[in-house]
Amino acid sequence: MDQNESGKRCLRVGITGGIGSGKTTACRIFEALGVPVYDADFWAKWLIVNAPGIKSAIVSLFGPEAYCPDGSYNRSYVAAIVFKDAAKLALLNAAVHPAVEQHSRDWHQRQADAGRPYTLKEAALLVENGSYRQLDKLIVVTAPEQLRMQRVMQRDGLSEAAVRARMRQQLPQEQKDAAADYLIHNDGRSSLVQQVWHIHQKLVALAYSDF
Ligand code: ATP
């Protein structure tokens, strides 16, 4: 939580969920309500290319081949190494996550100064890496596995086996649900817009309530 210049608080709220649960879709609705959303996966990719400290850490871990001659990140090269080497994956995460955390805090402070009652940090692995504990509240978007599977196969043109392999890299949806302060059921039966609106009202009321 941060305060803006007039002493009002601005909550840091995380939003996560299993692959294909509908995090991005829910975030588009929050944005339509004027809520600023920090896309942690986008900014992590941006920082890997643009933050000199992260670049040098990655080169010292994986060698100069980690970047292509045009300066872009050689994701497939690094992914092939960390897929087989959990220790290197942990070191890669240790190089990237603190920088994303700092970048998102700076971004949040600017939103607090602009008088926003809360911001959202959207990330796939907030529960897995424990970073949700540094946030004021956590929203988890949840949907049955079969529906998530169908949505991702359709969206990305992937096989069922490929989606399952991605799902295995994440905690089961139920374990994410257990960490939630607010759950959004994106099961195609309950209205997403209504659920987002209710949570939005609660968060605004919380931000404006007395300490
Ligand atoms: P990922 O973890 O892969 O980034 P995500 O959790 O951000 O996924 P979305 O991209 O929001 O999920 O949704 C996955 C797909 O399902 C998208 O194509 C989206 O348009 C579709 N989708 C999400 N929610 C609904 C819904 N309620 N009704 C119909 N389609 C939906």
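Which domains does the domain assignment of the protein give? I began my notes there and found two entries: domain 1 (1-36 + 117-211) and domain 2 (46-115). I note that the model is predicted.

**Entry: the two domains.** I looked up how domain 1 and domain 2 are placed, and their C-alpha centres lie 23 Å apart. I then checked the contacts between them. I found 15 residues of domain 1 in contact with 11 residues of domain 2.

**Entry: the whole protein.** I listed the secondary structure, which comes to nine helices and six strands. The radius of gyration is 18 Å, close to the 17 Å given by the globule rule for 211 residues, so I put the protein down as being as compact as a globular protein of that length. Along the principal axes, I have the C-alpha trace spanning about 50 × 45 × 25 Å. I also looked up burial, and 44% of the 211 residues count as buried. For contacts with a separation of 6 or more, I wrote down that 72% are accounted for by residues 24 or more positions apart.

**Entry: the largest pocket.** How much space lies in the largest pocket? I have it as about 1800 Å³. The elements that give two or more residues to its lining are α1 (23-32), α2 (40-50), α4 (75-84), α5 (86-113), β4 (118-122) and α6 (145-156). Of these I marked α5, which gives the most to the lining, with seven residues.

I went on to the lining residues themselves. There are 44 of them, and Asp41, Lys45, Arg75, Ala124 and Leu125 lie nearest the centre of the pocket. By type, I sorted the lining into 18 nonpolar, 13 polar and 13 charged residues. I also checked the lining against the domains: domain 1 and domain 2 each supply at least three residues.

**Entry: Gln170.** I turned to Gln170, whose place is in the loop between α7 (160-168) and α8 (173-178). Is Gln170 buried or exposed? I entered Gln170 as buried, because its relative accessible area is 17% and the cut-off for buried is under 20%.

Leaving aside neighbours within four places in sequence, I found Gln170 in contact with Gly17, Gly18, Ile19, Ala124, Leu125, Glu128 and Lys176. Two of these partners, Ala124 and Leu125, are also among the residues listed nearest the centre of the largest pocket. For the pair Gln170 and Ala124, I noted a C-alpha to C-alpha distance of 8.4 Å, with their positions 46 residues apart in sequence.

**Entry: Thr142.** Next I looked up Thr142, which lies in strand β5 (residues 137-142). Its relative accessibility is 8%, so I counted Thr142 as buried. Not counting residues up to four places away in sequence, Thr142 touches Gln173, Asp177, Leu183, Ile184, His185, Asn186 and Asp187.

**Entry: Leu91.** My last residue was Leu91, in helix α5. I wrote Leu91 down as partly exposed, because its relative accessible area is 45%, and partly exposed runs between the 20% and 50% cut-offs. I also looked up the distance from Leu91 to Leu61: the two are 30 residues apart along the chain, and their C-alpha atoms are separated by 7.9 Å.

How values were computed: Residues numbered from 1 in each chain as written. Predicted model: local features only at pLDDT ≥ 70, side-chain atom pairs only at ≥ 80, totals over all residues. Heavy atoms only, no water. 1 Å grid on protein atoms, 1.4 Å probe; cavity = no way out; pocket = protein on both sides within 12 Å on 5 of 7 lines; lining within 4 Å. Points joined across faces, edges and corners; volume = space filled by probe spheres on them. Helix = DSSP H or I, 4+ residues; strand = E, 2+ residues; numbered from the N terminus. Nonpolar A, V, L, I, M, F, W, Y, C, P; charged D, E, K, R; others polar. Domains from an automatic or database assignment. Buried < 20%, exposed > 50% of the residue type's maximum accessible area, 1.4 Å probe, protein only. Contact = heavy atoms within 4.5 Å. Rg over C-alpha atoms; globule rule 2.2 N^0.38 Å.
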